[in-house]
Amino acid sequence: MAHQELLQLVYTSTAHGRMKSDAVRAIVETARRTNPSLDITGLLLFDGLHFFQVLEGPAEKVESLYEHIAKDPRHTRVVRILSHKVKDRNFGDWSMAYSEARPEDLAQIDGLSDHFRDGGGFANLRSGQAKLLINAFLNGIWGNRAA
Ligand SMILES: Cc1cc2nc3c(=O)[nH]c(=O)nc-3n(C[C@H](O)[C@H](O)[C@H](O)COP(=O)(O)O)c2cc1C
């Protein structure tokens, strides 16, 4: 069987208007319903205004889902900050992991505390910083609030 190329794509965006947690939950539910059939896994973080999303899976499927999500009117200023081929998934166990990201949690992350304390947000993370954020999630910085 041909080896499928795995792509990990990370983008950030800004919620369109004030978004209640129920509305974000609805997005997560859609993702969890749809992504398994696309063989896509990932992570969604929401800081109250901005999204940070990781999509990983077969390259073509990730690209087309990203194009689709980018047109969603519930958010704007969609910016791809990282997309690279990977051998293994970071989120193989989650069709879409989700967590709220409170400023006090973000300010604890090694290597990113200055960025977040100085008022930097998801929207201006560089690719290396995106990887640190992903690792912080994987290392359980959000503890059992992640669901
Ligand atoms: C921040 C954000 C993240 C999203 N993530 C996903 C996702 O991972 N998978 C998915 O199927 N839809 C996701 N959506 C929803 C899609 O944009 C879209 O509403 C959904 O795929 C249904 O598409 P349809 O209305 O054309 O059927 C996301 C939307 C937003 C605003």
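Here a colleague asks a modeller about a predicted model of a protein chain with a ligand.

Colleague: What makes up the protein chain, in helices and strands?
Modeller: The chain has five helices and five strands. Starting at the N terminus, their order is β-α-β-β-α-β-β-α-α-α.

Colleague: Why does the radius of gyration agree with a compact globule?
Modeller: For 147 residues, a compact globule would have a radius of gyration near 15 Å, and this chain has 14 Å, so the two agree. As for its box, the C-alpha atoms fill roughly 50 × 30 × 30 Å along the principal axes.

Colleague: What makes a residue buried, and what share of the chain counts as buried?
Modeller: A residue is buried if 20 or more other C-beta atoms lie within 10 Å of its own. By that test, 25% of the 147 residues count as buried.

Colleague: Among contacts between residues at least 6 apart in sequence, how many join residues at least 24 apart?
Modeller: The share is 74%.

Colleague: What makes a residue part of the shell around the ligand?
Modeller: Its C-beta atom must lie within 6 Å of the ligand. That gives 16 residues, and the closest are Ala31, Thr34, Ile69, Asp72 and Arg74.

Colleague: Which element gives the most to that shell?
Modeller: Helix 1 does, with five residues. Helix 1 (21-38), strand 3 (50-58) and helix 2 (59-70) each supply at least two.

Colleague: How many residues of the shell are nonpolar, polar or charged?
Modeller: Seven are nonpolar, seven are polar and two are charged. Asp and Arg count as charged, and Asp72 and Arg74 are among the closest residues to the ligand.

How values were computed. Residues numbered from 1 in each chain as written. Predicted model: local features only at pLDDT ≥ 70, side-chain atom pairs only at ≥ 80, totals over all residues. Helix = DSSP H or I, 4+ residues; strand = E, 2+ residues; numbered from the N terminus. Rg over C-alpha atoms; globule rule 2.2 N^0.38 Å. Buried ≥ 20, exposed ≤ 12 C-beta atoms within 10 Å, placed from the backbone. Contact = placed C-beta atoms within 7 Å.
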